[in-house]
Amino acid sequence: MDDIDAMFSHLLGEIDHLSQSLTSADDRSGVDADSQKSTISIGFTDLNESLNELEDHDLDALVADLRSKSFVQESSTNEGNSSLTANQTSPPAMTQEFKPAVALPTPTTESSRLMKTNQPQTKAEKIKLALEKLKEAKVRKLIIKVLMSDNSSKTLMVDERQTVREVLDNLFEKTHCECNIDWSLCETNPELQIERGFEDHEYLVEPLSGWTRNSENKIYFVSRPQKYVMFTDPQLFYLWKKKKASMSGTSSQDKELLIKEHFGGSTLIVPDLEGTLYLKEDGKKVWKHRHLVLRASGIYYVPKGKTKSSTDLASFIHFEKVNIYTTSNYKQKYRAPTNFCFILKHPCIQKESPYIKFLCCDDEHTLLLWVNSIRIAKYGTVLYKNYQAAVKRVSTLQTLQAADRSNGHTPLASPHPSGSPPNSTNVENYPYEPPPDFIPPPPPGHTQD
């Protein structure tokens, strides 16, 4: 019995440790590393077996304790959301913090009866519930502020299991906007003057965790007509060598055949894109011409004195650990030949770094080709699955909205797409405008001519 009591004490200690791990990084820095390691090794060594060895009354007490902690965390989260909404100067994303436990209201007779009915009865059920609660306690959570183009915002709590698609669905419900596949979540970095649309399959917490604590980065809910342009107009990428006039009359059937040919097979076919771009030399504001070739694994260049054959190509960058970002006003910031630039960098790089690759295109159409062709090469068929899921989800929501309108319900005003002011033209009037569709504000203290 002494061993069981000791084991139970260790489990409670582990629960406390998990609760403390959700506090800020400054609070965690004071924890002794050796004692922390000891707690983890005891609490999580064959946890399933440890729970099985507990007596029923000890297991009941553990489940009750886990439930009470879960309730306090949810209450604390609701209070945090209220405070964030009231204070619009709060950071756009922050780690969730929990307040000390407060006295819980005494349950009524009816609620006690319902709770007793829903409680697990067998030991196996209790162990399963305990494991689920322990797993839940370890999930990373963030409270984020999503900005709209009309200067309003929505405060959400997201955890590491939620994809961007799920967050978008949540925003559809909160904003009551007209649903279409173009809506996106975008991050902006004013210091680098860049922006990127999150892909629907990404887990939102992961890229946000790379932001620095005092970051000026922001998250926007905007409409990006280029988000799935590779599926709405696949001829732009797979027939790019043809004249634009000949591609404008591509029929819907021909587009479907192109998508099936390049995305429907066992392997993805990446656009055979190549061309001369400007490349910024490391540490200098000098841009030089370089003939680049796109492949599924990355971008390659033709060394001086070599031919364009595959055997002569040299690697410029691989896509595994980098993301692509569009830029704003690089002609002024870096003396770029044009403002049609994009960069490739690791998501954790938040300031100027020699590990950032800067590229510049001659015109908007070339920028559109390269940015979205790189997305195709990097994400492959996952991008097509995102598109199919978005079309299906939007179709369902539009059906529900149509039913509401037929019942006399008027939808709320939707946020204005692409950062446009309230009286501007709707985005559908210019469906092929290439990125960037939202220009991030300049860094503090920076003035534009």
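These are my notebook entries on strands, nonpolar cores and salt bridges in a predicted model.

**Entry 1, strand β6.** I started with strand β6, residues 218-223, and found that 5 of its 6 residues are buried, which leaves the strand mostly covered. I then looked up its partners: strand β2 (residues 141-147) runs parallel to β6 and is joined to it by 2 bridges, with L147 standing opposite Y220. On β4 I found an antiparallel arrangement, with 6 bridges to β6, and here I219 of β6 is the bridge partner of E187.

**Entry 2, E187 and its charge partner.** Having met E187 in the strand pairing, I asked which residue forms a salt bridge with E187. The partner is R196, and the closest N and O atoms are 3.4 Å apart. I checked both for burial, for which the cut-off is under 20% relative accessible area: E187 counts as buried because its relative accessibility is 8%, and R196 counts as buried because its value is 4%.

**Entry 3, other salt bridges.** The count for the model comes to 14 salt bridges. I noted that the side chains of E199 and R375 meet in one of them, at 2.9 Å from N to O. This pair links distant parts of the chain, since E199 sits in the loop between β5 (194-197) and α9 (205-208) while R375 belongs to helix α15, 176 residues apart. Both E199 and R375 are buried. For K288 and E281 I read a salt bridge of 3.1 Å, N to O, but K288 is partly exposed, with a relative accessible area of 46%, and E281 is also partly exposed, at 25%. I also recorded a network of salt bridges that links R165, D169, D200, K227 and R393.

**Entry 4, nonpolar cores.** I turned to the largest nonpolar core, which has 66 residues, and listed those with the most contacts inside it as L185, F221, I299, F342 and W370. Helix α15 (residues 364-379) gives the largest share of this core, 9 residues. For I299 I looked up the residues it touches beyond four places away in sequence, and they include F316, I317, L344, W370 and I374. Another core, of 14 residues, lies apart from the largest one, and among its members are L192, W287, A336 and I356.

**Entry 5, N180.** Last, I placed N180 in the loop between α8 (164-175) and β4 (183-189). Is N180 buried or exposed? N180 is buried, because its relative accessible area is 18%, and a polar atom of the N180 side chain lies 2.8 Å from the backbone nitrogen of D182.

Terms used. Residues are numbered from 1 along each chain as its sequence is written. This is a predicted model: local features need pLDDT of at least 70, side-chain atom pairs count only at pLDDT 80 or more; totals for chains, interfaces and linings use all residues. Side-chain values use heavy atoms; hydrogens and water are left out. Helices (H or I, at least four residues) and strands (E, at least two) are DSSP runs, numbered from the N terminus. Buried means under 20% relative accessible area, exposed over 50%, partly exposed in between (1.4 Å probe, protein chains only). A polar contact is a pair of N or O atoms within 3.5 Å; within protein, one must be able to donate a hydrogen and the other to accept it, and residues adjacent in sequence count only if both atoms are side-chain atoms. Two strands pair if DSSP finds at least two bridges between them. A nonpolar core is a set of buried Ala, Val, Leu, Ile, Met, Phe, Trp, Tyr and Cys residues joined through side-chain atoms within 4.5 Å. Contact means heavy atoms within 4.5 Å. A salt bridge is a side-chain nitrogen of Lys or Arg within 4 Å of a carboxyl oxygen of Asp or Glu.
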